[in-house]
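Work through the exercises below with the sequence and the model side by side. Each task is followed by its solution.

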Number of protein chains: 2
Amino acid sequence: MNNVKKTLVIIAHPEVGDSQLQQFLLESSQSLKEVEMHYLIEGQFDIKEEQNRLKRFDRIIFQFPMYWYSAPSILKKWIDEVIDYTFSKTELRNKELGLVVSLGVDEANFASGKSEKFTLSEIFRPFEALANKCQMIFLPIFSISLFSYMTEIDKKRLLIEYQQYLTKKNRDNFKEKENWFVSRGKSISKTYEGTKQEDLEQIMSIIEDNREEIEDLRLLIDEMRSDEP
Amino acid sequence: MNNVKKTLVIIAHPEVGDSQLQQFLLESSQSLKEVEMHYLIEGQFDIKEEQNRLKRFDRIIFQFPMYWYSAPSILKKWIDEVIDYTFSKTELRNKELGLVVSLGVDEANFASGKSEKFTLSEIFRPFEALANKCQMIFLPIFSISLFSYMTEIDKKRLLIEYQQYLTKKNRDNFKEKENWFVSRGKSISKTYEGTKQEDLEQIMSIIEDNREEIEDLRLLIDEMRSDEP
């Protein structure tokens, strides 16, 4: 399909232009062709336009500074107006919902017994509940705390993690895991000698053989299906 | 202290006039002299006026229909603008914060493994976190589900529980409940005449007699205990 971008970032921030962090994130995302940024501006929303925009993306990200343990009110206004009952039941299924949240305090304080008392997972339950209701996949929360105190190295790490959050596959599926283990296993086997190395290589080749057999079976099934009347 | 009312109810509802439930709650609260209702209206808030209003009350209640697992956006706008850093640190301490939330679905669905997945306590964590930060006392959430399906008896029970939520001391012990009924019953009995008034007064005096007997028994138990070796 043409014209289908991967990720829509909906930004709710009253002063995006004055925010060092928001400018940093904007620059970080500019090289990512499959990502579109969308700023919410005070005033009336064009509901149909907003809904049509959502339809075009697989991953929706809400990006905002945390104000009083939630998003700025403009995002809630957008949610209440744009995601109506019918839309929520039909158009968002299997899309991903993520949050990029900036914090004015150290994230370490968000825990039972600490000053903020609750974890970020607890605080953002309403968004998880929204995703649940719309049959969306809720991504882990991407939080950024105390940006202005970050070193250059911290910021480079943030840039990469942010880019991954916007574009990386979120499938913890078996094949991804298997790939990871095969390549990891191969590199480990090199560090061993003798029978241990042989054993490890044996295990890796069994996994690879199994995978090839699975692939063959899948192709066969696909062919059989395409032959059906 | 003069001029200090007990409870301020801040109502965030886009169509208060059209809501059967909101009208019912309004009527239920009209006889309560120590309660003030305050509707939030779209537009700019007078921050100083809002802050001064808050100062005059011991108990603050947010009353709203749940929209997408939180309050309508106007309440978030009010919170973000009115509760600034200094105000949150100085003026709200030891006040109580309560929520009166109406639900369009059965509250039984709000549980792990049910359709809504999370409990109301979890969904309204952001308000609990706000109370925590302002050193306020967070009251149990008062939720009302499926009002339009309620029987007359359900509605009468709701009326009493709502009145209690607005005015009763925040201790769910038996004596508080009993006290509340006795003083409420006494004031109601004045509005009746003849046998009805006599009946009501009779009931009140029975409750009071019972309570005295309970007190006596408690004292006796305490004495017996203190005599133990």
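Are Phe62(A) and Phe127(A) buried or exposed? Phe62(A) is buried, and Phe127(A) is buried too. Buried means under 20% relative accessible area, exposed over 50%, and partly exposed in between, with a 1.4 Å probe and protein chains only.

The model is predicted: local features need pLDDT of at least 70 and side-chain atom pairs pLDDT 80 or more, while totals for chains, interfaces and linings use all residues. Residues are numbered from 1 along each chain as its sequence is written, chains are lettered from A and ligands numbered from 1 in the order in which they are written, and side-chain values use heavy atoms, without hydrogens and water.

**Exercise 1. Classify two ring pairs in chain A.**

Step 1. Take the rule: rings of Phe, Tyr and Trp (its six-membered ring) pair if their centres lie within 6.5 Å; planes under 30 degrees apart are stacked, over 60 edge-to-face, and the rest tilted.

Step 2. Apply the rule to Phe62(A) and Phe127(A). Their ring centres are 6.0 Å apart and their planes stand at 65 degrees, so this pair is edge-to-face. Phe62(A) belongs to strand S3 (residues 59-65) of chain A and Phe127(A) to helix H6 of chain A, 65 residues apart. Helices (H or I, at least four residues) and strands (E, at least two) are DSSP runs, numbered from the N terminus.

Step 3. Do likewise for Phe142(A) and Tyr165(A). With centres 5.1 Å apart and planes at 35 degrees, the pair is tilted. Phe142(A) lies in strand S6 (residues 142-145) of chain A and Tyr165(A) in helix H7 (residues 152-167) of chain A, so the pair ties together parts 23 residues apart in sequence. Both Phe142(A) and Tyr165(A) are buried.

Step 4. Widen the view. Ring pairs join Phe62(A), Phe64(A), Trp78(A), Phe124(A) and Phe127(A) into a cluster, and the structure holds 18 aromatic pairs over all chains.

**Exercise 2. Find which charge sits over the ring of Phe147(A), and which over that of Phe147(B).**

Step 1. The test is that NZ of Lys or CZ of Arg is within 6 Å of the ring centre and within 35 degrees of the ring normal.

Step 2. In chain A, Lys155(A) lies over the face of Phe147(A), 4.8 Å from the ring centre. In chain B, the charged end of Lys155(B) is placed over the ring of Phe147(B), at 4.8 Å from its centre.

**Exercise 3. Describe the surroundings of S3 and H6 in chain B.**

Step 1. Strand S3 (residues 57-65) of chain B has eight of its nine residues buried, so it is largely enclosed by the rest of the structure.

Step 2. S3(B) and S4(B) run parallel and are joined by seven bridges; two strands pair if DSSP finds at least two bridges between them. Opposite Arg59(B) stands Glu96(B) in S4(B).

Step 3. In H6(B), seven of the nine residues are buried, so this helix is also largely enclosed by the rest of the structure. Among the buried residues are Arg125(B), Phe127(B) and Glu128(B). After H6(B) comes Gln135(B), with a positive phi near 55 degrees.
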